[in-house]
Amino acid sequence: MEPAGSEQRGAVRELRLHLVTWNVGTASPPPDVTSLLQLNSLGPTMDMYVIGLQEVNSRITNFLSDLAFDDPWSIFFMTVLSPLGYIKLSSVRMQGLLLLVFVKHVHLPFIRDIHTHYTRTGLYGYWGNKGGVTVRMSLYGHTICFMNCHLPAHMENTEQRLDDFEKILEMQFEGENIPSTLDHDVLFWFGDLNFRIADYGIHFVRESINNKRYNLLWEKDQLNMAKKKEAFLQEFIEGPLQFKPTYKFDLYSDVYDTREQKSLFWFNEKKRKPAWTDRILWRVKNLCQHASKEVEFSEEEQTISVTLNNYISHMSYGISDHKPVTGTFGLELKPLLSDPLIILNPEGEWSAEHDVLISYSAVPEFPSSAWDWIGLFKVAFRHVNDYVTYAWVEDDEISSNKDSKQIQPNRTLIEKDLTQEENSWMQKPDNLESLDEF
């Protein structure tokens with residue numbers, strides 16, 4: 001998909017988003033995630049992957065190591081997606097909660113104002129075993145927010161789950177002019193939300209599942225019940241639950257829990273009742289305004305819409321007692337911006353034996369600073385810090401006019417860095433990317 005140019009201003013674009021939620025139960029990544037990410041799909045490729053994990057191994061030795069280096073799950077997904085033209089745009093980690101956002105390179109110049117946040121709700125807000133991690137951004141001028149949550153477990157804790165989610169919604173991003181979570185144009189809410197199936201006994205639930213009569217269980221799903229009573233939930237949309245409840249399974253199996261749970265009392269608590277604990281919901285701001293004001297939006301005012309194309313679980317993955325759930329969405333939007341903040345133009349022949357020149361131009365409103373830099377990347381770079389070498393814009397500037405500036409990076413430093421990276425790939429000037437929009 002080609003980037004929007006000025007000639008496409010106002011043209012409607014459709015982006016494909018694939019969202020994953022998975023409680024991985026402290027397990028290591030599986031051997032293959034082709035089906036999970038729909039990499040063999042015959043349709044158009046995805047423009048963005050959003051991956052929300054819960055219960056990533058956060059034992060103290062693992063967590064301290066992950067603070068210094070990328071965690072195994074991040075490395076795993078980067079290894080899979082980077083060769084396909086995706087970059088890890090952002091990530092946020094809070095103990096066992098991990099949220100990763102990958103996008104195609106072509107969209108990078110039109111993504112801005114990326115911010116992350118985390119909210120602890122475990123142990124009265126002092127512990128991060130439960131809570132939410134959030135990434136927000138401006139995508140072609142539209143504000144998008146992704147919220148991965150792990151809410152309290154057990155049948156009787158519905159009110160605590162709702163209270164915790166309300167607390168997570170109240171979080172504020174740092175920075176000026178950043179909307180609250182509910183003021184974003186689109187908000188995706190997903191994770192191990194831990195809502196259970198109330199009232200019905202385990203035998204009725206399992207019999208309904210075996211007969212694929214999932215609709216018999218929908219009305220007693222605690223989240224569905226809460227959406228009918230809680231005003232702040234009624235604005236969230238979810239696709240039909242046309243798949244088996246995703247919890248609780250025996251490991252490496254599609255058989256529901258067969259273990260007896262040991263109790264502190266004189267009796268044993270029997271097997272866990274299956275439940276749709278793993279969910280994906282979304283909220284579109286202009287639809288909420290439409291509902292509250294009871295007015296119709298014209299096509300011109302409908303600048304962004306969300307369509308759910310697929311909402312499924314993946315039964316073949318057995319590394320934890322949860323099955324992963326994915327939602328594939330179409331985001332139809334009218335770009336509110338069509339020009340990159342920075343346009344780079346490598347000049348002349350590039351080789352380790354010659355000085356290199358880079359000219360660039362910036363839009364008038366670009367907030368330049370002494371910290372601006374330009375990085376040189378391999379074609380399949382993984383994330384923003386995965387550069388081979390870089391140049392400080394202010395230090396290496398050699399000419400400037402109202403239309404463009406020209407810099408000449410230090411050739412000695414470049415040669416040193418490229419030697420370390422085995423510079424045989426360097427003949428492609430397309431490897432340059434501007435990082436200013438990050």
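Colleague: Which residues of the largest nonpolar core touch the most other members?

Modeller: In this predicted model, the largest nonpolar core has 49 residues, and those touching the most other members are Met-48, Val-50, Met-137, Ile-144, Phe-146, Phe-188 and Phe-329. A second, separate core of 23 residues includes Val-33, Leu-36, Leu-100 and Ile-319.

Colleague: What does Ile-144 touch, not counting residues up to four places away in sequence?

Modeller: The residues touched by Ile-144 are Val-135, Arg-136, Met-137, Leu-139, His-184, Val-186, Phe-188, Ile-304 and Leu-331. Met-137 and Phe-188 also belong to the group that touches the most other members of the largest core.

Colleague: Why is Thr-134 called buried?

Modeller: The relative accessible area of Thr-134 is 1%, and buried means under 20%; Thr-134 is therefore buried. Thr-134 is found in strand S6, residues 127-139. Leaving aside neighbours within four places in sequence, Thr-134 is in contact with Val-92, Leu-99, His-115, Thr-116, His-117, Cys-145, Phe-146, Met-147 and Phe-173.

Colleague: What makes Glu-55 partly exposed, and what makes Asp-199 exposed?

Modeller: Glu-55 has a relative accessible area of 33%. The cut-offs are under 20% for buried and over 50% for exposed, with partly exposed in between, so Glu-55 counts as partly exposed. Asp-199 has a relative accessibility of 61%; the cut-off for exposed is over 50%, so Asp-199 counts as exposed.

Colleague: What is the sign of phi at Glu-55 and at Asp-199?

Modeller: Phi is positive at Glu-55, near 60°, and positive at Asp-199, about 70°. Neither Glu-55 nor Asp-199 is a glycine. Most residues other than glycine have a negative phi. Glu-55 lies in the loop between strand S2 (48-54) and helix H1 (60-68), whereas Asp-199 lies in the loop between strand S8 (186-192) and H4.

Colleague: How do you know that the buried residues of H4 are on the same side?

Modeller: In helix H4, residues 202-210, the buried residues are Val-205, Ser-208 and Ile-209. They cover an arc of only 100° around the axis, and therefore lie on the same side of H4. The face turned away from that buried side carries the exposed residues His-203 and Asn-210. Helix H5 (215-218) is included in what covers the buried residues of H4. Just after H4, Lys-212 takes a positive phi of about 55°.

Colleague: What is the omega of the peptide bond from Tyr-247 to Lys-248, and is that bond cis or trans?

Modeller: Omega is near 5°, and the bond from Tyr-247 to Lys-248 is cis. Most peptide bonds are trans. Lys-248 is placed in the loop between helix H7 (231-234) and strand S9 (278-284).

Colleague: How many cavities of 30 Å³ or more does a search of the whole structure find, and which residues line the second largest?

Modeller: The search finds three cavities of 30 Å³ or more. The second largest holds about 60 Å³ of space, and its lining consists of Leu-15, Arg-16, Leu-17, Asp-47, Met-48, Val-103, His-107, Ile-111, Leu-139 and Leu-331.

Colleague: What makes up that lining by class, and which element gives the largest share?

Modeller: By class, the lining of the second largest cavity has seven nonpolar, one polar and two charged residues. Arg-16 and Asp-47 are in the lining, and Arg and Asp count as charged; these are therefore the two charged residues. The largest share, three residues, comes from strand S1, residues 13-23.

Note on methods
Residues are numbered from 1 along each chain as its sequence is written. This is a predicted model: local features need pLDDT of at least 70, side-chain atom pairs count only at pLDDT 80 or more; totals for chains, interfaces and linings use all residues. Side-chain values use heavy atoms; hydrogens and water are left out. On a 1 Å grid over the protein atoms alone, a cavity is a set of points where a 1.4 Å probe fits but cannot get out, and a pocket is an open set with protein on both sides within 12 Å along at least five of seven lines; lining residues have an atom within 4 Å of a point. Grid points are joined across faces, edges and corners, and a volume is the space filled by probe spheres set on the points. Helices (H or I, at least four residues) and strands (E, at least two) are DSSP runs, numbered from the N terminus. Buried means under 20% relative accessible area, exposed over 50%, partly exposed in between (1.4 Å probe, protein chains only). The arc is that of the directions from the helix axis to the C-beta atoms. Contact means heavy atoms within 4.5 Å. A nonpolar core is a set of buried Ala, Val, Leu, Ile, Met, Phe, Trp, Tyr and Cys residues joined through side-chain atoms within 4.5 Å.
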